[in-house]
Amino acid sequence: MTNAGRAHVLIVEDEPVTRSKLAAQLTAEGFLVSEAGDARDMRTIVSRSVPDVVLLDINLPDESGLILARDLRAKSSVGIILVTARQDETDRIVGLELGADDYVTKPFNPRELAVRVRNLIRRVAPSMAAERQASGVFGFAGWRLDCDARQLISPAGESVRLTRGEFDVLAALARNPGRALTRDQLLDLTQHDGEAVIDRTIDVLVGRLRRKIEADPKHPAIILTVHGIGYRLASG
Ligand code: CA
């Protein structure tokens, strides 16, 4: 979770009306929201980027939400909130045993749900950050930088092409969220054999990165200039 708490919540729900209502509410609460209509969609989204919290409907058309909860928990400490019908008491208990963190019962109060999501994000944030760091995946402002796959994924889930130099500068900043790095440090962290690099290179690379990732490259909100020092990545 980074940048003003724009945590990523994945809603897994096969009823389109319920799903879009939930998505609208959580988006209004400031979360970055993805939606999956079944288990297959969920697996695709999670393989691209592990969210901070999954809202998981137990009754899905293709697989049981309980199995999904178990599989998610086996792979990560992502927050899991089961969404159940009132009569699903046994499933709820099994779900909690399989590693879900919390549950809500339909019909739920949207404001209460938002509070539960926020509390759970706070609880899982340290372990999620550690897992992402270990896996070389960094998040900022809804973006995900995967250092192993050398891939940058936009908040909309699209892959954005970066040159090697651009990627290395962004990775150096992402590994040090909120910390200002000097141009010298950035040069050291992005130096490749046999390449002549000068201070100015960093400014050029940052300029190109900003044009690719900033909503308004003239007034950057992600890669910030620290006057007299260098650059830093905005952090929550
Ligand atoms: Ca359902």
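Is Asp57 buried or exposed? Asp57 is buried, with a relative accessible area of 3%. Keep that residue in mind, since it turns up again below in a network of salt bridges. What you're looking at is a predicted model, and the protein in it has eight helices and twelve strands. Its chain is divided into domain 1 (8-135) and domain 2 (138-233).

**The overall picture**

- Let's start with the outline: along its principal axes, the C-alpha trace spans about 65 × 30 × 25 Å.
- Of the 236 residues in the protein, 45% are buried.
- Take the contacts with a separation of 6 or more: 56% of them are between residues 24 or more positions apart.
- As for salt bridges, the count for the model comes to 16.

**Where the two domains meet**

- If you take the centres of domain 1 and domain 2 over C-alpha atoms, 31 Å separate them.
- The two domains do touch: nine residues of domain 1 are in contact with seven residues of domain 2.
- The size of an interface is often given as the accessible area lost when the parts come together.
- Here, domain 1 and domain 2 bury about 650 Å² between them, and 48% of that is on carbon and sulfur atoms.
- On the domain 1 side, helix α5 (residues 110-135) brings the largest share of what touches domain 2, with three residues.
- Sorted by class, that side of domain 1 has two nonpolar, four polar and three charged residues.
- Charged residues or not, zero salt bridges are found across the interface of domain 1 and domain 2.
- Polar contacts come out the same way on paper: between the two domains there are zero residue pairs in polar contact, counting pairs with both residues at pLDDT 80 or more.

**Salt bridges around Lys106**

- Back to Asp57, as promised: Glu13, Glu15, Asp57 and Lys106 are linked in a network of salt bridges.
- One link in it joins the side chains of Lys106 and Glu13, at 3.2 Å from N to O.
- Lys106 sits in the loop between β5 (102-105) and α5, while Glu13 sits in the loop between β1 (8-12) and α1 (16-28), so this pair ties together parts that are 93 residues apart in sequence.
- Another link joins the side chains of Asp57 and Lys106, at 3.8 Å from N to O.
- Asp57 belongs to strand β3 (residues 53-57) and Lys106 to the loop between β5 and α5, so here the parts tied together are 49 residues apart in sequence.
- Glu13 counts as buried because its relative accessible area is 2%, and Asp57 counts as buried because its value is 3%.

**A salt bridge between α7 and α8**

- Asp203 and Arg183 also pair up, with their side chains meeting in a salt bridge of 2.7 Å from N to O.
- Asp203 is in helix α8 (residues 199-213) and Arg183 is in helix α7 (residues 183-190), so the bridge ties together parts that are 20 residues apart in sequence.
- How covered are these two? Asp203 is partly exposed, with a relative accessible area of 23%, and Arg183 counts as partly exposed at 23% relative accessibility.

**Helix α6 and the loop after it**

- Helix α6 (residues 164-174) is mostly covered, with nine of its eleven residues buried.
- Among those buried residues are Phe167, Leu170 and Leu173.
- Val169 is part of α6 too, and it counts as buried because its relative accessible area is 0%.
- Which residues does Val169 touch, leaving aside its neighbours within four places in sequence? Val169 is in contact with Leu186, Thr190, Ile202, Leu205, Val206 and Leu209.
- For a sense of distance, Val169 and Met128 are 41 residues apart along the chain, and their C-alpha atoms are separated by 23 Å.
- Asn176 is found in the loop between α6 and β10 (181-182).
- Asn176 is buried as well, because its relative accessible area is 17%, which is under the 20% cut-off.
- The side chain of Asn176 has a partner in Arg179: a polar contact of 2.8 Å joins the two side chains.

Conventions
Residues are numbered from 1 along each chain as its sequence is written. This is a predicted model: local features need pLDDT of at least 70, side-chain atom pairs count only at pLDDT 80 or more; totals for chains, interfaces and linings use all residues. Side-chain values use heavy atoms; hydrogens and water are left out. Buried means under 20% relative accessible area, exposed over 50%, partly exposed in between (1.4 Å probe, protein chains only). Helices (H or I, at least four residues) and strands (E, at least two) are DSSP runs, numbered from the N terminus. Domain bounds come from an automatic or database domain assignment. Contact means heavy atoms within 4.5 Å. Buried area is the accessible area (1.4 Å probe) that two parts lose on being put together, summed over both. A salt bridge is a side-chain nitrogen of Lys or Arg within 4 Å of a carboxyl oxygen of Asp or Glu. A polar contact is a pair of N or O atoms within 3.5 Å; within protein, one must be able to donate a hydrogen and the other to accept it, and residues adjacent in sequence count only if both atoms are side-chain atoms. Ala, Val, Leu, Ile, Met, Phe, Trp, Tyr, Cys and Pro count as nonpolar, Asp, Glu, Lys and Arg as charged, and the others, Gly among them, as polar.
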